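Here are a few short exercises to work through with the coordinates open. Try each task before you read its solution.

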Amino acid sequence: MPKIYDIGIVPRRTELAERFMFPFSQLNFLLNGGEFDRVTLITSSTDNGKSTIASQILCSVIKQGYKACAFFGEDTAYESQDRIFKQGCKAEDMVYKPYKANGKETNCGEWVLTDTAYENARNAFQGNLFLYNTNASMKVEDILDGFEQARAEHGCKVFLLDNCEMFDIDTDNENKAMKDNILQIREYAINHQVHIFLISHIRKLENGKILPSLDDVKGTSSIVNISKNVLIVVRMDKVDHESKEYKALKRLIELNNYDLDQADSLVYVAKTKGRKLGFCCLKYNKRTNTYYECKKLDDKKEESEKSEVIVKRPQLEEIKGFDFADDEIFG
């Protein structure tokens with residue numbers, strides 16, 4: 001293999017790269033869609049909505065005509081199915097089922113799908129979403145082998161690894177092992193032209209700090225370095241709204257055209273190869289376990305329950321007269 005090559009031999013690209021749309025308009029704009037051959041990191045502190053947002057993105061991807069495969073290391077098959085099926089339905093497709101003890105209803109219970117809604121959800125996801133069997137192995141190479149089976153046999157193009165702390169490691173040098181794992185993940189995304197969502201945690205934050213930074217991501221720095229997009233999720237009900245830090249963040253969010261007081265969660269685009277860094281404010285629907293976008297300050301339209309950017313696979317159009325640079329054109 002030659003060590004150098006003439007830049008003139010690089011073929012001209014005349015089409016925009018294929019991509020899927022994210023389910024939130026602002027997030028879709030900031031990231032400029034989800035191109036394939038990439039890794040997107042979704043990170044937050046414990047119980048801040050990482051898995052919820054990630055699985056909701058998978059639902060959106062499937063509605064656009066793509067297929068997906070997910071490794072949910074902390075969930076049972078029933079938990080994964082319940083969350084995703086609910087996210088694919090509407091609030092009116094659910095009924096509240098109280099828990100009974102000794103023949104009497106208690107104040108415990110859950111929202112469950114009606115029989116019709118369950119069958120509709122199963123028909124929508126069956127053959128389009130595949131789950132990695134965590135009873136098989138949690139080594140990265142074995143998980144990627146499972147992903148390859150889903151890609152080769154079923155045509156999956158979007159993958160989710162939730163979360164990287166669940167990987168089995170056979171060495172005392174955890175940092176090096178994790179770095180090697182992350183590099184394998186990136187190589188798989190590039191070599192097979194797929195998009196991989198990777199979920200990780202945030203280290204314990206300093207007292208009073210609300211918005212984590214890239215330096216706060218737990219584990220090896222390779223997790224941040226290999227990710228083309230880094231999304232940091234913050235639940236607003238877990239922070240002190242009277243603190244100086246919150247008031248400073250509120251002013252920053254106002255510059256991004258949102259009222260932070262109206263948000264249940266905040267998604268911070270801390271790194272991207274898309275358009276720009278920025279914020280997306282979300283409201284939360286407890287019944288369907290889904291997020292939808294907050295109304296912007298200058299938006300006169302009413303809020304919609306869900307912000308579906310696109311419901312089918314986008315068509316690529318040839319753009320004449322323009323060159324498109326790619327920093328990894330040779331993979």
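A salt bridge here is a side-chain nitrogen of Lys or Arg within 4 Å of a carboxyl oxygen of Asp or Glu. Keep in mind that this is a predicted model.

**Exercise 1.** Find where aspartate 180 and lysine 176 lie, and classify their contact.

Solution. Start with the location: both residues belong to helix H6, four residues apart, about one turn of the helix. Next, take the N to O distance between the side chains, 3.1 Å. The cut-off is 4 Å, so the pair counts as a salt bridge. Finally, check accessibility: aspartate 180 is partly exposed at 31%, and lysine 176 is partly exposed at 48%.

**Exercise 2.** Work out which parts of the chain the salt bridge between glutamate 165 and lysine 218 ties together.

Solution. First, the side chains meet at 4.0 Å, N to O. Then place the partners: glutamate 165 sits in the loop between S8 and H6, while lysine 218 sits in the loop between S9 and helix H7 (222-225), so the bridge links parts 53 residues apart in sequence.

**Exercise 3.** Trace the open sheet and place helix H6 against it.

Solution. Begin with the strand order: nine strands run S7-S4-S8-S9-S3-S10-S11-S12-S13, with mixed pairing. The edges are S7 (129-131) and S13 (290-293), each pairing on one side only. Now look at S3 (residues 38-44) and S9 (residues 195-201), which pair in the parallel sense over seven bridges. Last, helix H6 (residues 174-192) packs on the sheet, touching S3, S8 and S9, and its direction makes about 160° with that of S9.

Key. Residues are numbered from 1 along each chain as its sequence is written. This is a predicted model: local features need pLDDT of at least 70, side-chain atom pairs count only at pLDDT 80 or more; totals for chains, interfaces and linings use all residues. Side-chain values use heavy atoms; hydrogens and water are left out. Two strands pair if DSSP finds at least two bridges between them. Helices (H or I, at least four residues) and strands (E, at least two) are DSSP runs, numbered from the N terminus. Contact means heavy atoms within 4.5 Å. Axes are lines fitted to C-alpha atoms, for helices over the stretch in contact, and angles run from 0 to 180 degrees between N-to-C directions. Buried means under 20% relative accessible area, exposed over 50%, partly exposed in between (1.4 Å probe, protein chains only).
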